[in-house]
Every structure is written in structure tokens, then in C-alpha cells.
Amino acid sequence: MKHWMHNSIKDALAACPKMDTLDKECILAFILQKNREYIISHPEKYLSLLQKMRYLWLLRKRQNAVPLAYITKHKAFFGLDFLVNKHTLIPRPETEIMVEEVLKHIQQDDTLIDIGVGSGCVPIAIAKTVAKKNKHITLYGTDISSKALKVAKKNTKKHGTSISFYAGNLLQPIIQHVCVPKHSPTFITANLPYITEEQFVQEASIQHEPKNALVAQDNGLALYKELLIQIKDWETKPGDIRFFFEIDPLQSKELSQIIHSSFPNSTVFVKKDLAGHNRLIHGTIEL
Ligand SMILES: C[S@@+](CC[C@H](N)C(=O)[O-])C[C@H]1O[C@@H](n2cnc3c(N)ncnc32)[C@H](O)[C@@H]1O
């Protein structure tokens with residue numbers, strides 16, 4: 001990487017010509033703690049030596065395929081800004097479908113449990129939207145990773161939402177510590193790890209993300225199968241459960257069959273993402 005002579009934003013953007021200009025603008029915005037519009041409209045602004053060194057260091061990281069979100073520590077999801085780090089999955093646009101679908105159905109006084117919260121993007125996006133409509137819902141979140149939960153808690157505070165978080169395996173901590181009301185529906189959202197080891201190895205773009213946030217055994221379905229068993233064995237379970245599970249498009253048929261055979265009174269729908277792939281399985285489990 002060539003070092004430029006002068007330290008202006010214009011010079012900085014000219015460095016690494018092969019790199020995406022948008023990435024460079026975002027990294028500069030992050031370093032200068034300004035927005036991208038400022039970077040574009042102030043080409044003459046000078047960087048300090050420290051800022052320049054930091055820029056070069058972050059450009060090198062980006063060249064080594066570290067996702068931009070891990071460099072800037074931020075990612076937009078559902079129109080909101082979320083803190084992320086190497087312990088959390090970077091929120092994906094396709095997960096917004098889950099949020100949209102929940103928002104179509106959730107009502108005043110319902111309960112929502114998000115399993116595998118990561119950055120907390122799903123329950124926080126739901127909580128923020130519901131609050132705008134002056135509705136009250138009770139929210140819980142679990143994650144096996146206490147480091148991810150730390151980020152989710154920070155995001156909850158940042159967005160002024162109220163969510164009770166528990167560390168543990170899937171629904172287990174909720175079963176142990178929470179008595180959910182029986183008179184109103186309980187929504188269970190989950191974007192659990194669902195890709196196979198082979199898919200993980202083949203996908204270069206995800207190598208910097210936590211493997212335990214992406215990969216599951218049993219053709220990627222191990223955790224959803226375990227979650228369904230936990231729901232079935234939940235002694236104090238609510239009478240009416242609405243579930244929303246993000247999946248790999250190839251899993252929709254098998255997972256639908258598993259849900260139907262575990263809960264004969266269930267209804268199951270499949271929703272496609274913008275690319276036309278089956279992405280969300282949702283429905284009701286009446287017990
Ligand atoms: C695909 S990420 C989804 C994160 C977030 N919900 C999102 O959509 O961006 C899956 C999350 O599930 C968590 N996880 C993995 N195994 C788990 C388990 N057995 N119980 C609870 N959470 C688990 C991971 O730590 C990770 O944060």
C-alpha cells in the first residue's frame with residue numbers, strides 16, 4: 001500500500017485504487033467520527049498523523065476481507081443503527097422479513113422471546129416499532145454466547161428498549177426462570193445457526209464471523225430440532241405459540257414436516273426473501 005505525501009481526505013481516498021470507494025469513505029467517516037456526506041464534501045480536510053496511521057491499518061484489515069461492519073463496529077438493520085463486534089453475527093437484510101412478519105401479528109400485552117439474539121437486532125427492531133404505536137409487549141432474549149449478550153445489552157440501552165436477557169441453551173433459561181402468561185400469545189423468533197460445516201468452509205465472505213453463530217449439525221437443523229423438543233417438553237408453556245424461524249432455503253420442507261409431526265395442531269407458512277428463496281418458516285403451535 002503506497003503512503004500518500006499529503007494527508008487530505010482526497011489523498012486518503014486515492015490510496016488503494018482497487019478498493020471500493022464506499023468502503024474507504026465509511027472507514028474515514030468512522031475515524032473522523034463524521035458521516036459519509038462530510039467525507040464527500042470535505043476533500044481538502046487534513047488528517048492528523050494518528051488518523052492517517054489508523055486509516056492505513058483499517059484499510060489493510062479491509063483488504064484482508066474483514067467485513068466493513070467489524071471495522072466500523074456498526075451495522076444498519078431495519079433502519080436502526082446497531083453496534084456489532086466479532087462476537088456477534090452481522091445483521092442481514094433478509095432477517096428484516098422476520099421482523100416485518102412479527103409486526104403484522106403482534107398485539108398489545110403479547111410476549112416475545114428471541115432465541116439467539118446476537119446483536120439484539122430482532123427484538124430491538126420489534127420493540128422500537130411497537131413502542132411507536134404505543135403498544136406494550138414483554139420481551140426476552142437468550143444466547144449461548146455471553147459476549148454476544150453484552151453487545152445486545154448495549155444496543156438495548158442505545159435504543160431505549162427494555163428486554164430481559166438470559167445466557168443459556170435456546171429456550172432453557174426461559175423455561176427455568178420465566179413464567180410466561182397463558183392468556184395471550186407468546187411469539188418465539190429465532191435466527192439460529194443453520195448452515196452446514198461444508199457451506200461454512202466454502203463461503204469466503206463469512207470467515208470472520210463467529211462460527212458458532214452460523215453452523216449447526218444435522219444438515220444445519222440440529223438447533224431448530226432441539227428447540228422444538230424444548231417447546232414440546234415445556235411444562236408451563238403458553239397455550240398459543242407463534243413461531244418465526246429463519247432458515248436455509250433448502251430446509252423449508254424438512255422443517256415444516258418436523259413441526260407438523262411434533263405438533264399436529266400446528267399451522268406452517270413459508271415466506272420468501274427478496275431473492276425469491278424460502279427464508280422464513282412461521283406459524284402457530286396450539287397446545
Ligand atoms: C445466526 S446468529 C443470529 C443473531 C441475530 N439474531 C441476528 O439475526 O443477527 C445465531 C445466534 O445464535 C446463538 N446461538 C448459537 N447456539 C445457541 C444455543 N444453543 N442457544 C442459544 N443461542 C445460540 C449464537 O451465539 C448467535 O448469536
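## Where H2 meets H4

In this predicted model, one helix contact to look at pairs H2 with H4. On the H2 side, the residues involved are Asp23, Ile27, Leu28, Ile31 and Leu32. Their partners in H4 are Gln51, Arg54, Tyr55, Leu58, Leu59 and Arg62. Sorted by class, that contact comes out as seven nonpolar residues, one polar and three charged.

As for the geometry, H2 covers residues 21–32 and H4 covers residues 49–63. Their axes lie 10 Å apart and pack at an angle of about 140°. Angles over 145 degrees would count as roughly antiparallel, so at about 140° H2 is oblique to H4. The crossing of these two helices is right-handed.

## Where H11 meets H12

Further along the chain, H11 (residues 222–233) packs with H12 (residues 252–262). Here the axes come within 11 Å and cross at roughly 15°. Angles under 35 degrees count as roughly parallel, and that is why H11 is called roughly parallel to H12. This crossing, too, is right-handed.

Which residues do the touching? From H11 you'll find Tyr224, Lys225, Leu228 and Lys232, and they meet Leu255, Ile258, Ile259 and Ser262 of H12. The mix for the contact of H11 with H12 is five nonpolar, one polar and two charged residues.

## Around the ligand

Now for the ligand. How many residues surround it? There are 24 of them, and the closest are Gly116, Gly118, Ile144, Asn191 and Ala213. Two elements give two or more residues to this shell: helix H7, spanning 121–132, and strand S4, spanning 138–143.

By class, the shell around the ligand has 14 nonpolar residues, nine polar ones and one charged.

## The chain as a whole

Stepping back, the chain has twelve helices and nine strands. Its C-alpha trace spans about 70 × 45 × 30 Å along the principal axes. The chain has 287 residues, and 35% of them count as buried.

How do contacts relate to the sequence? Take the contacts between residues at least 6 apart in sequence: 67% of those join residues at least 24 apart. For two concrete cases of residues in contact, go back to the helix pairs: Leu28 is among the H2 residues that meet H4, and Leu228 is one of the H11 residues that meet H12.

Note on methods: Residues numbered from 1 in each chain as written. Predicted model: local features only at pLDDT ≥ 70, side-chain atom pairs only at ≥ 80, totals over all residues. Near = placed C-beta within 6 Å. Helix = DSSP H or I, 4+ residues; strand = E, 2+ residues; numbered from the N terminus. Nonpolar A, V, L, I, M, F, W, Y, C, P; charged D, E, K, R; others polar. Axes fitted to C-alpha atoms, helices over the stretch in contact; angles between N-to-C directions. Parallel < 35°, antiparallel > 145°, perpendicular 65-115°, else oblique. Left-handed = near helix turned anticlockwise from the far one by under 90°. Contact = placed C-beta atoms within 7 Å. Buried ≥ 20, exposed ≤ 12 C-beta atoms within 10 Å, placed from the backbone.
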